[in-house]
Amino acid sequence: MDHESSLHEVRLFIYISLVASIFTFLIRLGGYILFGNSVLLVESLHMLVDILISAVVIVVVYLVRSKFAKKYPYGLYKIEDLSSLLISILVIMVAVEIAGSIFSQPPVFLFYSAIVEVLSIVPLAAAGYIKLKVSSRINSPSLRSDAVHSIGDSLEGFAVAFGLYLSALFSSTLAYYATLAIALITLVVISLDILKNSIFGVLDLPKDKRLAGEMSAMIEKKAKGTKVSSLKVRWAGPVMFAEIVLRMEPELTIEESHRVADDIERELRNSVPQLEGVTIHIEPTARENFKVFIPLKLVGGSGARYIINKNISTADYFATAIIKHNVLESLEIQENEIKAKEFRGVETAERIAETGFTDILVRGIGEMTFGVLLRHRINIWRVRSDSVDKTLRAFLAHKLHKIEAPTLEASWRRKEKHE
Ligand SMILES: [Zn+2]
């Protein structure tokens, strides 16, 4: 079965269930008009609420799929919250209004009313069953809770019918009023639940607190090394929108981070069906640990000291600075054992990469050396002073700028120009 036709079928089943609920409503209302039993009035009012709420969801889902809604899905979904808010307030008002009058009305046609109530359960239970089947097929939690509601209503209908039957059997007014109270309380409870949910929706409060935590755990499991620094979920009607801020590992390039974010989005959409929109911000994590290479040369006679050399290829010494949690842990100076004249910079650069340096601090850099360092993703920083101390301090204070292009031309190109 292709996707389009299965979607068509799902829609058809949802309409069938809605029509079935309408039948339940009509049977109860007809029974009330015929026999004047107040229990049937309360029960038909309950069905009316359920139908209105389902209708609002369907209308909103259609609106959101419409062309004009592409721009404003969030606001349109809110229509459901607003409509639900209105419906629940109206129903609570009506329930309070009728509560006083119906209890003073005499119990009439108890046995016939019990039969009407039982008949009305048949389409309702069928609607619940259909919705339950469809919800597991399209993996929709909102449809599933609607199905569970219908099944619960069927059970409540049985209790009401049984109460009416008992009142008829024993001619008990007490049993009748108890039954009436059950129907009325159920109506008020569902209305309060709708009221609460719609207020949460309108005010952007979390309808499901657990879900955000589960989503964070899912992300950190899916993308190792990624931390969720914030995750906000906003509900609008039956769906939610997530805003996620992720901290990626500092070694990842922007492109790689983007790919990880795409993977995470796909995973979330697959496992959280209510998710309508996801926005992922990527926050690069600042590095804290460095192994820094500094090319040096020895100057002065008796009071000789090391200063930073103008490039890597002519440096006879180099310093290794180990920085842990942004604090200089050790500084060691040693001789550069690579002595070959040609490509000395390139060879040194290869050695720098092999020995795990993350950064180098230089005054200038040749084309080929630059290329090798770039390939190994070693950060190259421009040095302004020849003092090692001053430069390291500037590095730790993030005052140095990166060298984005080689500062010296390759030797063969230089020769070409002179010829
Ligand atoms: Zn209901």
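The legends below describe four close-up views of a predicted model. In this model, local features need pLDDT of at least 70, side-chain atom pairs count only at pLDDT 80 or more, and totals for chains, interfaces and linings use all residues. Residues are numbered from 1 along each chain as its sequence is written.

**View 1. Helix α6 and the residue D204.** Helix α6 covers residues 173-202 (helices, H or I of at least four residues, and strands, E of at least two, are DSSP runs numbered from the N terminus). Its 30 residues reach 43 Å from the first C-alpha to the last, close to the 44 Å expected at 1.5 Å a residue, the expected span being 1.5 Å times one less than the number of residues. D204, which follows α6, has a positive phi near 65°.

**View 2. The open sheet β1-β2-β3.** Three strands form this open sheet with mixed pairing, where two strands pair if DSSP finds at least two bridges between them. The edge strands, each pairing on one side only, are β1 (227-236) and β3 (275-284). Strand β2 (residues 239-248) runs antiparallel to β1 over 9 bridges, and V228 stands opposite L246 in β2.

**View 3. Strands β4 and β6.** Strand β4 (residues 290-299) is joined by 7 bridges to strand β6 (residues 317-324), and the two run antiparallel. K291 stands opposite I322 in β6.

**View 4. The hairpin of β6 and β7.** Strand β7 (residues 327-335) pairs with β6 in the antiparallel sense over 8 bridges, with Y317 opposite E335 in β7. The hairpin has 2 residues between its strands, and H325 takes a positive phi near 50°.
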